[in-house]
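Visitor: I have a structure open and would like to go through parts of it. Can we start with empty space inside and then move on to helices?

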Amino acid sequence: MRGNMIPTDNTYANLLAPEKSTDWLHMDPWRVLRIQAEFVDGFGALAEIGPAVAIFGSARTDRHDPMYKAARRAGRLLAEAGVATITGGGPGIMEAANRGAYERGGTSVGLGIELPHEQGINRWVNLGMTFRYFFVRKTMFVKYSEGALVFPGGFGTLDEMFELLTLVQTHKVAHTPVALVGKSYWSGLFEWIEGTVKAEGMISALDPRLVQITDDVDEAVAVALSNIQR
C-alpha cells in the first residue's frame, strides 16, 4: 500500500493497545473461544490416561454412608484392574471413588465444574481439571470412559446417566456398559420407564444390555469393565 492507502495504525499495535471497553469478554465469539479452549485442554489432559470407567453419584453422600464405602471399593477394584477412575471431582460418592483409586495407586481423575457453592476438587484426585461448561465436561466423561457406574444421586447424577444412556440408545456412541448400584434406589425409576413411558409409546424397548441394576459392587465393576479389552 502507498500514499493515502497506508493505514495510520497496524495490526501489531492494535494487538498491544489496551482496550477501553471489556464488553467483548461477554460476547458469543469470545465464549466460543473459551469453549474451544476447554475442549483442547480436556483432550490434551485425558488422551493418555488409558482405559477408564466413569463413576457418577451424589456430592451429598456422607462418609459413613454404605454407598460411600461401596464407591470407595469400586475405585479400589478399578485401580487393581489397571483402569482409571473418572469422577466429577467433588465430595460424596465422587470423593469415595477417587479415594479408593488413589489408595490403590491408580489413576484418579476429577473433572470439576465451576458452581457458586462448589468446594473444589477433592484431595484424592491425582489428575484434575475444572470446567466452566457442563456440556464440555460431559463430553470428556463419554469420550474417555469405556464403562460407567452410577450410584444414588440427584439431578446432576440423573443428567449424566440419561445423557450417556441416550447416546448409547441412539447409537451416537459405541456400546458402553452401565451399572446402577442400589436396587432400592433405582428400581422404581426403571419400572416407571419400562411401564408408563414405554406403554405411552414414548420410547422403544430398552436394550437389556444397556443398563444393569445391582446391589453387588463387585458385579457392578465387572459390568463396567466388560467392554475393556484385556
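Guide: What follows is a short talk about cavities and about one pair of helices in this predicted model.

Visitor: How many cavities of 30 Å³ or more are there?

Guide: The count comes to one cavity of 30 Å³ or more. The largest cavity has a volume of about 60 Å³.

Visitor: Which residues line the largest cavity?

Guide: The lining is made of Ala-54, Phe-56, Lys-138, Phe-141, Val-142, Ser-145, Glu-160 and Leu-164. Two or more residues each are given by β1 (52-56), α5 (134-144) and α6 (155-169).

Visitor: Which element gives the largest share?

Guide: That is α5, with three residues.

Visitor: And how do the lining residues divide into nonpolar, polar and charged?

Guide: Five are nonpolar, one is polar and two are charged.

Visitor: New topic: helices. At what angle do α2 and α5 pack?

Guide: Helix α2, residues 28-46, packs with α5 at an angle of about 25°, and their axes are 10 Å apart. Angles under 35 degrees count as roughly parallel, so α2 is roughly parallel to α5.

Visitor: Is the crossing left-handed or right-handed?

Guide: The crossing of α2 past α5 is right-handed.

Visitor: Which residues meet there?

Guide: From α2 they are Ile-35, Glu-38, Phe-39, Gly-42, Phe-43 and Leu-46. In α5 they meet Phe-135, Val-136, Thr-139, Met-140, Lys-143 and Tyr-144. The residues of this contact divide into eight nonpolar, two polar and two charged.

How values were computed:
Residues numbered from 1 in each chain as written. Predicted model: local features only at pLDDT ≥ 70, side-chain atom pairs only at ≥ 80, totals over all residues. Heavy atoms only, no water. 1 Å grid on protein atoms, 1.4 Å probe; cavity = no way out; pocket = protein on both sides within 12 Å on 5 of 7 lines; lining within 4 Å. Points joined across faces, edges and corners; volume = space filled by probe spheres on them. Helix = DSSP H or I, 4+ residues; strand = E, 2+ residues; numbered from the N terminus. Nonpolar A, V, L, I, M, F, W, Y, C, P; charged D, E, K, R; others polar. Axes fitted to C-alpha atoms, helices over the stretch in contact; angles between N-to-C directions. Parallel < 35°, antiparallel > 145°, perpendicular 65-115°, else oblique. Left-handed = near helix turned anticlockwise from the far one by under 90°. Contact = heavy atoms within 4.5 Å.
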